[in-house]
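This report introduces a structure to a reader who has not met it before. The sequence and the model are shown first, and the description follows.

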Amino acid sequence: MQLAWRDADVADMPTIGTPITTFDGLRQVPGGHGARLEWVRARAKAFRAEFTSTGTPASVTTCDLVTLPYPTRFGLFRASRAVAPFLAITNRMLVIRWQDGDGRRRVLLFEPSDVELGRSTPYFAALARRTPAALSSLLVTEHGTVLGHLARLGIAPEEVDYLMFDHLHTQDLRRWVGTTTPQPDLGGAVVEPLLPNAKVVVQRDELLAMTCLHPIQRPWYQPEAFRAVRTGAFLAVDGALLLGPGVAVLATPGHVHGNQTLALNTSTGVWASSENAIAAECLTPEHSRMPGIARWTRTWQQEVVLNANTIETTAEQYNSLVLEKTLVDRSQADPRFLQFFPSSELTAAWTNPGTKPTFSHHAIHHAA
């Protein structure tokens with residue numbers, strides 16, 4: 001399927017931020033994934049010192065969007081012994097505000113999912129067709145919308161500068177960035193952007209991969225939603241960049257080839273957010289009380305538990321999660337767990353026995 005962009009368009013897309021060179025050369029490290037794991041661990045320690053010296057953003061606010069079912073075998077990979085075939089995850093948006101060196105105020109929305117249009121993702125659409133409506137109402141809870149949260153925070157849509165996702169699984173951005181042609185399923189007209197000044201910060205690798213999806217990727221993307229989006233709304237990123245004081249994007253490939261992580265330096269220390277794992281305890285599984293987790297990781301000498309719905313390059317995702325684990329601080333609420341904030345966080349539900357998290361962050365709170 002032809003997307004709005006071609007390879008040449010992606011190559012010419014503008015970018016943003018100040019390049020971070022600490023992780024340059026990862027793919028050239030000799031010795032395979034094991035050698036790269038140790039390289040990444042060492043570089044993450046070095047980057048941490050650099051990153052904390054950049055300052056902090058003005059504020060970080062957490063906004064709940066939706067809680068929905070997700071297969072246990074994906075979210076907790078091979079480690080869980082829960083009887084429940086599904087667990088629950090809560091998708092949340094982070095609103096990050098900072099001031100550039102020239103005094104200009106910036107607003108970044110991390111994971112601003114259009115929940116309504118996300119339902120058309122092939123995997124979740126198929127799941128919905130097999131789920132009775134009465135049961136679906138028990139399993140899915142919508143907490144708020146992107147525009148509703150912005151209004152509550154006093155942020156006008158035109159004040160949003162950047163949109164960023166850890167990857168573009170399930171996303172349909174047409175209402176946020178607009179289209180160049182009429183959209184029959186959205187009123188039959190050209191879609192005018194609801195966030196008219198927002199630019200989408202995305203790894204160039206993911207944009208290129210979406211032009212020719214592999215079969216294992218197709219259940220999770222909506223490529224048809226990108227056929228007519230305004231390509232001028234995209235900022236292509238190559239690797240790691242500093243976006244603002246205490247705000248960075250890091251390339252963390254594996255879950256998808258162009259996966260990326262949001263790193264934040266806050267009043268409680270360094271945080272990282274992505275969907276490489278669905279619970280903080282997946283980074284310190286020895287402290288997990290969920291059935292099977294600690295035992296499995298101990299038996300197989302695994303230090304993390306991956307979120308593995310698409311196993312594109314599992315060893316790379318493992319290494320990326322260790323990068324995040326090495327970078328962040330320990331939680332002030334419980335130092336056994338780290339300040340890794342899953343963009344889709346495991347959530348306790350009575351319908352899913354054996355999947356109650358040992359510890360949850362629920363939110364990142366920061367104000368300078």
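In this predicted model, strand β9, residues 240–244, is mostly covered, since 4 of its 5 residues are buried. β9 belongs to an open sheet of 6 strands, arranged in the order β1-β9-β10-β11-β12-β13 with mixed pairing. The edges of the sheet are formed by β1 (18–20) and β13 (340–342); each has a single partner strand, so one side of each is left without a neighbour in the sheet. From one strand to the next, the twist averages 25 degrees.

The pairings around β9 can be followed on both of its sides. β1 and β9 run antiparallel and are joined by 3 bridges, with T18 standing opposite L242 in β9. β9 and β10 also run antiparallel, again with 3 bridges between them, and here G244 stands opposite V247 in β10. The hairpin of β9 and β10 has 2 residues between the strands, and within this hairpin G246 takes a positive phi near 70 degrees.

At the β13 edge the direction of pairing is parallel: 3 bridges join β12 (residues 269–274) to β13. In this pair, S273 stands opposite F341 in β13. Helix α11, residues 314–327, packs on the sheet and touches β10 (247–251), β11 (260–266), β12 and β13. The direction of helix α11 makes about 160 degrees with that of β12. As a general point, the side chains of a regular strand alternate between the two faces of the sheet.

The hairpin of β9 and β10 also leads to a residue from an earlier part of the sequence. P57 lies in the loop between α2 (32–52) and β2 (59–71). Which residues does P57 contact, leaving aside its neighbours within four places in sequence? The contacts of P57 are I96, R97, W98, P245, G246, V247, N265, H366 and A368. The residue is buried, with a relative accessible area of 0%. By comparison with these contacts, the C-alpha atoms of P57 and V304 are separated by 29 Å, and the two residues are 247 residues apart along the chain.

S59 is placed in strand β2. At 13% relative accessibility, S59 counts as buried, because the cut-off for that class is under 20%. Not counting residues up to four places away in sequence, S59 touches V95, I96, R97, H366 and A367. I96, R97 and H366 are thus among the contacts of both P57 and S59.

Charged side chains form a further topic. Side chains of opposite charge can pair when their charged atoms come close. The structure holds 18 salt bridges, including those set out below.

| Salt bridge | Closest N and O atoms |
|---|---|
| R41 with E38 | 3.4 Å |
| R106 with D100 | 2.8 Å |
| R204 with D238 | 2.8 Å |

R204 and D238 link distant parts of the chain: R204 is in helix α9 (residues 204–210), D238 is in the loop between β8 (234–237) and β9, and the two are 34 residues apart. R204 is buried, with a relative accessible area of 13%. Salt bridges that share partners join E38, R41, E303 and K325 into one network.

Within that network, R41 and E38 are separated by about one helical turn, because they are 3 residues apart in helix α2. E38 counts as partly exposed, at 45% relative accessibility. In the bridge between R106 and D100, R106 is buried, and so is D100.

The surface also carries a nonpolar patch. This patch is formed by L135, L138 and W350, which together have about 390 Å² of accessible area. L138 is located in helix α6, residues 133–139. Is L138 buried or exposed? At 54% relative accessibility, L138 counts as exposed, because that class begins over 50%.

How values were computed:
Residues are numbered from 1 along each chain as its sequence is written. This is a predicted model: local features need pLDDT of at least 70, side-chain atom pairs count only at pLDDT 80 or more; totals for chains, interfaces and linings use all residues. Side-chain values use heavy atoms; hydrogens and water are left out. Patches are made of residues with over 30% relative accessible area and no salt bridge: like charges are joined within 9 Å, nonpolar side chains (Val, Leu, Ile, Met, Phe, Trp, Tyr) within 5 Å. Accessible areas come from the Shrake-Rupley method with a 1.4 Å probe; for residues, only the protein chains shown count as cover. A salt bridge is a side-chain nitrogen of Lys or Arg within 4 Å of a carboxyl oxygen of Asp or Glu. Buried means under 20% relative accessible area, exposed over 50%, partly exposed in between (1.4 Å probe, protein chains only). Two strands pair if DSSP finds at least two bridges between them. Axes are lines fitted to C-alpha atoms, for helices over the stretch in contact, and angles run from 0 to 180 degrees between N-to-C directions. Contact means heavy atoms within 4.5 Å.
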